[in-house]
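Biologist: Please take a close look at one part of this model, the contact between its chains, and then follow the packing outwards from there. I am new to this, so please explain each term as you use it.

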Amino acid sequence: MNAATAVMERQAFLPNWPKRAAFAALGLYILYALSTLEFTWARFMRGLEQGSKFLDRLWPPNFAPDKLMLMSEGLLESVQIALLATSVGILLSIPISLISARNLVPGWLSWIGRSIIALARSFHPMIVTILFVKAVGFGALAGILALIVSSIGFIAKLLAEAIEEMNMKQVEAVRATGASWVNVLVMGVVPQVMARFVGFSAYQLDSNLRNSTIVGIVGGGGIGATLFTAYQRFDYDFAMTILLAIIAIIMVSEVFSGWLREMFQ
Amino acid sequence: MIEAHTTLSEPYSLVLRKLCNEYVAGKPVLKEIDLTIEGRGITAIIGPSGTGKSTLVRCINRLVNPTSGEILFQGHDIAKLSGLALRHARRKIGMVHQEYNLVERLSVMENVLSGRLGYMPAWKAWMRMFAPEDIQKAYLMLDAVGLSEFAMRRADQLSGGQRQRVGIARALMQDPDLLLADEPTSSLDPKTAVEVMEIMVKLAGERDIPVIINIHNVELAKRFANRIVGMTGGRVVFDGAPQDLKDHHLAEIYGGESWMDNA
């Protein structure tokens, strides 16, 4: 009898009161936040009505030749912005991630690398674009520079993490052969992180293609300015054409990046 | 004559003098190890887990840095080398690792050729421009360990025993004057372990280079080594021929006797 109650009382897990309290607090805050936003059902319904009118005016898309010319110019520039920003971003990300990986370099150096990455990640690409538009003027260059910064923020961070998660025993075995630091990188580190690096880069290309279509709104070149103007002039049918073209580009890049990842598995 | 003999054996012999290592200050793992390894033969280091066997072997090629002491090899104190000089010393010391430690995403051939990295610039390694004679030698090494037909396979497709044989081929590709083996059989089944030991001992014997094996399997140590070094608590407590290793030595090395068959 005594033994049985003792068994009943033995728990596999301790109750985590701080965690429970944190979840309760989060729930209460969400309720409070909703209450301050004056979010009402009537307003939601009115919005739906407005939305359906808007959708109505989007269709059919406008395929007039002069509109297509205007669009293709902007789109081409967007694709160029994305490709250039991704290429340069990748090239700059490699050394930055190497000096950020704590298992490859001394602490003080990785601290510098990490600071560069943190700085590159601090601001949304749109804010960075505004900064570069002020610095180098309107046009594609500002967009390219802004997307290079965000590419570094993403690729260098994830690549540095991939390097830190790699199997150090394999690296050590290469080092034990008397290989130099760079040789250890080439034969011990690169093979372990290459597939993930290609994955990050392909994803960043996708992301840059999407971002290159909006940097134009703040003067960074590409299709964004055209799209924004179309909205402002209530040329919703032309806006639709642009949206469809952007979707097509993203889908093509999706296929391309999938194929790239496959190749480097 | 004596002088000729010493110059002949000196390139291969290894002398450890008062070697100490502590990962945490005040808690030494190795306590003033003095050990001379002659220029040939198989030396097995046995002892319980956590006694510093692995640390000792890894100090020799400086994968672990000793806290103090000397590691004399080929006229240098390896303990004091750094940079290029250390890498040149490492080239001459092959190592076979506990979990094979092949670069799994590289092919078997690339892993074997990695043994030549100490002899070539990085851009050539990047372009995979290995010297033709190195490639031929790599095939000879793979022949010797019986894995030529696996040359183009990725290392992660191999079994444990096959991987360890690739590990041996990689170490010997360095043209080492000393072969270190850190628990080379502990991840292998008993039969494969014996096969791997046989290949390693045979190939080292053909090259007439000394082998230092850190191993926890006493039977394997007695079977393959011609010298046994027993360690416990960071000190050498036995040093002699396998036939001289008696139960009371094992009791001292591992502590107690209850674990022995005949106890």
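Modeller: Between chain B and chain A there are two salt bridges, a salt bridge being a side-chain nitrogen of Lys or Arg within 4 Å of a carboxyl oxygen of Asp or Glu. In one salt bridge the side chain of B:Glu99 meets that of A:Lys169, at 2.6 Å from N to O. This is a predicted model, in which local features need pLDDT of at least 70 and side-chain atom pairs count only at pLDDT 80 or more, while totals for chains, interfaces and linings use all residues. Residues are numbered from 1 along each chain as its sequence is written, chains are lettered from A and ligands numbered from 1 in the order in which they are written, and side-chain values use heavy atoms, with hydrogens and water left out.

Chain B brings 30 residues to the contact and chain A brings 21 residues, where contact means heavy atoms within 4.5 Å. The two chains bury about 2200 Å² between them, and 60% of it lies on carbon and sulfur atoms; buried area is the accessible area (1.4 Å probe) that two parts lose on being put together, summed over both. Of the area that chain B buries against chain A, 24% comes from B:Val103, B:Arg105 and B:Leu117, more than from any other three residues.

Over all chains, the whole structure holds 23 salt bridges. One of them joins the side chains of B:Arg116 and B:Asp134, at 3.3 Å from N to O. Because B:Arg116 lies in the loop between α4 (108-113) and α5 (122-126) of chain B, and B:Asp134 in helix α6 of chain B, the pair ties together parts that are 18 residues apart in sequence. Helices (H or I, at least four residues) and strands (E, at least two) are DSSP runs, numbered from the N terminus.

B:Asp134 leads on to a helix pair, since B:Asp134, B:Lys137, B:Ala138 and B:Met141 in α6(B) meet B:Ala169, B:Leu172 and B:Met173 in α7(B). By class, five of these residues are nonpolar, none polar and two charged (Ala, Val, Leu, Ile, Met, Phe, Trp, Tyr, Cys and Pro count as nonpolar, Asp, Glu, Lys and Arg as charged, and the others, Gly among them, as polar). Helix α6 (residues 132-144) of chain B and helix α7 (residues 160-173) of chain B pack at about 140 degrees, with their axes 10 Å apart, which means that α6(B) is oblique to α7(B). Axes are lines fitted to C-alpha atoms, for helices over the stretch in contact, and angles run from 0 to 180 degrees between N-to-C directions; those under 35 degrees count as roughly parallel, over 145 as roughly antiparallel, 65 to 115 as roughly perpendicular and the rest as oblique.

In chain A, helix α4 (residues 65-100) and helix α9 (residues 181-212) pack at an angle of about 150 degrees, with axes 9 Å apart, and therefore α4(A) is roughly antiparallel to α9(A). Their contact has twelve nonpolar, six polar and no charged residues. Among the residues that meet there are A:Ile90 and A:Leu98 from α4(A), with A:Phe197 and A:Leu205 from α9(A). Ahead of this helix, A:Pro60 lies in the loop between α3 (41-58) and α4 of chain A, and a cis peptide bond, with omega about 0 degrees, joins A:Trp59 and A:Pro60.
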